[in-house]
Amino acid sequence: MNHSKDQSIKNSLAALVVGFIFAIGLGVSGMTQPQKVIGFLDVFGAWDPSLIFVMIGAIVLHFLTYKWIRSRKSPLFSSEWQVPTKKEITPPLIVGGILFGIGWGLAGFCPGPAITSLASFEAKPFIFVLSMLVGMFLFQQLDKKIKFKK
Amino acid sequence: MQQDWINALLGGLIIGIAVSLMLLWNGRVTGISGIINGVLSPVKNDTAWRVLFVTGLFLGGVVLNLTNPHVFVSTLATGPWTTIIAGLLVGFGTILGSGCTSGHGVCGISRMSPRSLVATFIFISAGVVAVAIFRKLGVF
């Protein structure tokens, strides 16, 4: 087995492990319970701010590890860093954020918790994930004509 | 109630570990909407890891469902059409806006990306306004 192939297998297995750990974090945090997410967004109603601690915990930890990890020459299972560097605040960023926020508030699901919730074999996560994939597909089709991000 | 806060913090720390490992191992941001989107329009040698990441997200769910099935209890009484519209908005919006809660909200803010700070402020604000309006309209 050559070196790059070996790297690519490690890279893929690493993604599997990260996905698994991420899902456990989502379940522990409460993010897989749509009513809790909607409660978090319900600032003007029966506000349940507990989920703010998910962001605080994740951000503080990753803020601390980020600089240390980036001080390495390269990642362990890849030859280079692939971290976004764009800085411009563009209309697609804003409009996309608004559409996503509305959908998030409507169902209480964002992409990660929706995928993890498929394991409950309930109807709602399936309907949500299927519609989300259709939404992504629609974007790709429309983007071929309109070129939103150009 | 207090337990909810502790669980949220604990879960957040676990998520922080996950995204740190993704960066350390693969040099990537854990942006879940982007990872899924890449599976829909596959590029050679850039698909296997995405499929495995999503598989891991699902397998984590399987373990949660076996050990703590209550984390999947939904008390929302909204109908299927509401879920469909929500899914379409989340799918379309996250790709147009180049990220979701994980990519912008966690990874982007952690490295102080101005785009992610703005995006996160916008999608949380939009969610807050949307929930207030949906309540008034009797959606929930």
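Thr94(B) lies in helix α4 of chain B, which covers residues 80-96; helices (H or I, at least four residues) and strands (E, at least two) are DSSP runs, numbered from the N terminus. The model is a predicted one, in which local features need pLDDT of at least 70 and side-chain atom pairs count only at pLDDT 80 or more, while totals for chains, interfaces and linings use all residues. Residues are numbered from 1 along each chain as its sequence is written, and chains are lettered from A and ligands numbered from 1 in the order in which they are written.

With 35 other C-beta atoms within 10 Å, Thr94(B) is buried. A residue is called buried if 20 or more other C-beta atoms lie within 10 Å of its own, exposed if 12 or fewer, and partly exposed in between, with C-beta atoms placed from the backbone. Leaving aside residues up to four places away in sequence, Thr94(B) touches Gly96(A), Phe100(A) and Pro111(A) in chain A, and Ser33(B), Gly99(B) and Cys100(B) in chain B. Here, two residues are in contact if their C-beta atoms, placed from the backbone, lie within 7 Å. Leu52(B) is 42 residues from Thr94(B) along the chain, and the C-alpha atoms of the two are separated by 21 Å.

Turning to the chains themselves, chain B has six helices and zero strands. Chain A likewise contains six helices and zero strands. Of the 140 residues of chain B, 56% are buried, and for chain A the buried share is 50% of 150 residues. The C-alpha trace of chain B spans about 45 × 35 × 30 Å along its principal axes, and the C-alpha atoms of chain A fill a box of roughly 55 × 40 × 35 Å. Chain A has a radius of gyration of 18 Å, where a compact globule of 150 residues would have one near 15 Å; the radius is taken over C-alpha atoms, and the globule rule is 2.2 Å times the number of residues to the power 0.38.

The two chains meet through 102 residues of chain A and 99 residues of chain B. On the chain A side, the elements that give two or more residues are α1 (3-29), α2 (34-41), α3 (52-70), α4 (91-107), α5 (111-117) and α6 (123-146). Of these, α1(A) gives the most, with 18 residues. By class, this side of chain A has 65 nonpolar, 31 polar and six charged residues; Ala, Val, Leu, Ile, Met, Phe, Trp, Tyr, Cys and Pro count as nonpolar, Asp, Glu, Lys and Arg as charged, and the others, Gly among them, as polar.

Helix α2(A) is largely enclosed by the rest of the structure, because seven of its eight residues are buried. Those residues are Pro34(A), Lys36(A), Val37(A), Ile38(A), Gly39(A), Phe40(A) and Leu41(A). They pack against α4 of chain A together with α6 (114-137) of chain B.

A further pairing across the chains joins α6(A) to helix α2 (residues 32-40) of chain B, whose axes come within 10 Å and cross at roughly 70 degrees. Axes are lines fitted to C-alpha atoms, for helices over the stretch in contact, and angles run from 0 to 180 degrees between N-to-C directions. The helices α6(A) and α2(B) are therefore roughly perpendicular (65 to 115 degrees; angles under 35 count as roughly parallel, over 145 as roughly antiparallel and the rest as oblique). The contact is made by Leu133(A), Met136(A), Phe137(A) and Gln140(A) of α6(A) with Ile36(B), Asn37(B) and Leu40(B) of α2(B). Five of these residues are nonpolar and two polar, with no charged residues.
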